[in-house]
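Please open the model in your viewer and keep the sequence panel visible beside it. The tour below proceeds by selection, with a short account of what is found at each stop.

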Amino acid sequence: MDYFFSRRTFNQSKGTFTKDFAALTRYARVPEPIAEAGAAHLISRDQWLQGVLSSATTNDVVIFVHGFNTSQAEMLIRQRKIQGGLMAHGFGGAVIGLDWASDGVLSGYGRDRTDAKRTAPYLVLDGIGPILNARPGIRIHILAHSMGAYLTLRGFSQVGDSGAPGTHPWGVEQVLFLAADVTVGWMEAGAWGGLVMDHRCKRLTNYYSGFDDVLALSEINKFGTAPKIGRNGMSGPLPGRFNDLYCGQQYDRTVPQAQRSVRYSHTWYFDNAGVYQDVARTLAGQSAATMPTRLPASNGDQALRV
């Protein structure tokens, strides 16, 4: 079973989710190989929490936050890839998803960004908070891709300690950004994004690649350019619990030329066994300095090399 919570509107007459932002959060349990949730897959929050926790052999829960231009069906495909990739490297926790109202079309960037910001607090209020309160000792991790990293950052900044009942103060363990659509300046020392993440998580790992053509396009806006950490890394000095991991060498070495495209340069992480090996070690809390999946990079960061 695959578990996710959604902020897409549900069309009761058709029994399907839409592309629109919803006024309430719905919880779903979907068996493979079903591609999208219907009315029969909607369950109560209590049933959902029980299912999520019983699906794990450890106290770890990974919340996958998808990015821009992602349909619910594609979100589920990626969630299942993450679960399989991590299980192959010994991860025994649950992998669940936050399904937000991305249009699933390339032309919908502006609307997706608005909907991501609107959804952001419910990552905490309807996902992180209830899970933390469900069982003592739960360790929540966030794996956010693309605009999902923007959503995570906004959600962490919008919900104070009183916003998630019973969790004072609330926080998560590992946050992992893949191809993050987050402006570099937000994560600089003393900037709002860096301060928020330093307060709300025990470690932030930023997987980035200079080959990312989607982020190269997103960096250009009406005000000029805004470099993104998913393509350029974070600029120092950074808190000691923040780690940049350069993945360009991994992409160049492992992705065949025939598979390369603008979009795949942004999404290849989901198909790479080396990425999952490093993610599994990161979730296990291994020291970044001693991980065998990493080597020193020429720019002073670490580089993924598996």
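**First stop: D2 and R80**

Select D2 and R80, which form a salt bridge whose closest N and O atoms are 2.6 Å apart. D2 belongs to strand 1 (residues 2-11) and R80 to helix 2 (residues 72-87), so this pair ties together parts that lie 78 residues apart in sequence. Please bear in mind that the model is a predicted one. Are the two partners buried or exposed? D2 is buried, with a relative accessible area of 3%, and R80 is buried as well, at 16%; the cut-off for this class is under 20%.

**Second stop: R8 and D99**

Remain on strand 1 and select R8 together with D99. Their side chains meet in a salt bridge with an N to O distance of 2.8 Å. Because R8 lies in strand 1 and D99 in strand 5, the pair ties together parts that are 91 residues apart in sequence. R8 is buried, its relative accessible area being 2%.

Now centre the view on D99, within strand 5 (residues 94-99). D99 counts as buried, because its relative accessibility is 0%. Which side chain is joined to that of D99 by a polar contact of 2.8 Å? The partner is Q72. To display the wider surroundings, select the residues in contact with D99, leaving aside neighbours within four places in sequence: F4, F5, S6, R7, R8, H66, Q72 and M75.

**Third stop: E74 and R263**

Return to helix 2 and select E74, then add R263. These two residues form a salt bridge, with the closest N and O atoms 3.0 Å apart. E74 lies in helix 2, whereas R263 lies in the loop between helix 8 (248-254) and helix 9 (264-267), so the pair ties together parts that are 189 residues apart in sequence. R263 is partly exposed, with a relative accessible area of 37%.

**Fourth stop: a network of charges**

How many salt bridges does the structure hold? The total is 18. To view a linked group, select D20, D103, R111, D115 and R118, which are connected in a network of salt bridges.

**Fifth stop: the second largest pocket**

Keep D103 selected and add R8, T16, F17, T18, K19, E36, A37, S71, Q72, S102 and G104; together with D103, these residues line the second largest pocket. Its volume is about 170 Å³. Strand 2 (residues 16-30) supplies the largest share of this lining, four residues. By character, the lining of the second largest pocket divides into two nonpolar, six polar and four charged residues. R8 and Q72, both in this lining, were also met as contacts of D99.

**Final stop: the largest pocket**

Lastly, turn to the largest pocket, with a volume of about 450 Å³. Of the 23 residues that line the largest pocket, select those closest to its centre: F68, Y109, V214, L217 and S218. Which elements each supply at least two residues of this lining? They are helix 3 (109-134), helix 6 (213-218), strand 9 (220-221) and helix 9. The largest share, three residues, comes from helix 6. Colouring the lining of the largest pocket by residue type should show 10 nonpolar, nine polar and four charged residues.

Note on methods. Residues numbered from 1 in each chain as written. Predicted model: local features only at pLDDT ≥ 70, side-chain atom pairs only at ≥ 80, totals over all residues. Heavy atoms only, no water. Polar contact = N/O pair within 3.5 Å; in protein donor to acceptor, adjacent residues only side chain to side chain. Contact = heavy atoms within 4.5 Å. Salt bridge = Lys/Arg side-chain N within 4 Å of Asp/Glu carboxyl O. Buried < 20%, exposed > 50% of the residue type's maximum accessible area, 1.4 Å probe, protein only. 1 Å grid on protein atoms, 1.4 Å probe; cavity = no way out; pocket = protein on both sides within 12 Å on 5 of 7 lines; lining within 4 Å. Points joined across faces, edges and corners; volume = space filled by probe spheres on them. Nonpolar A, V, L, I, M, F, W, Y, C, P; charged D, E, K, R; others polar.
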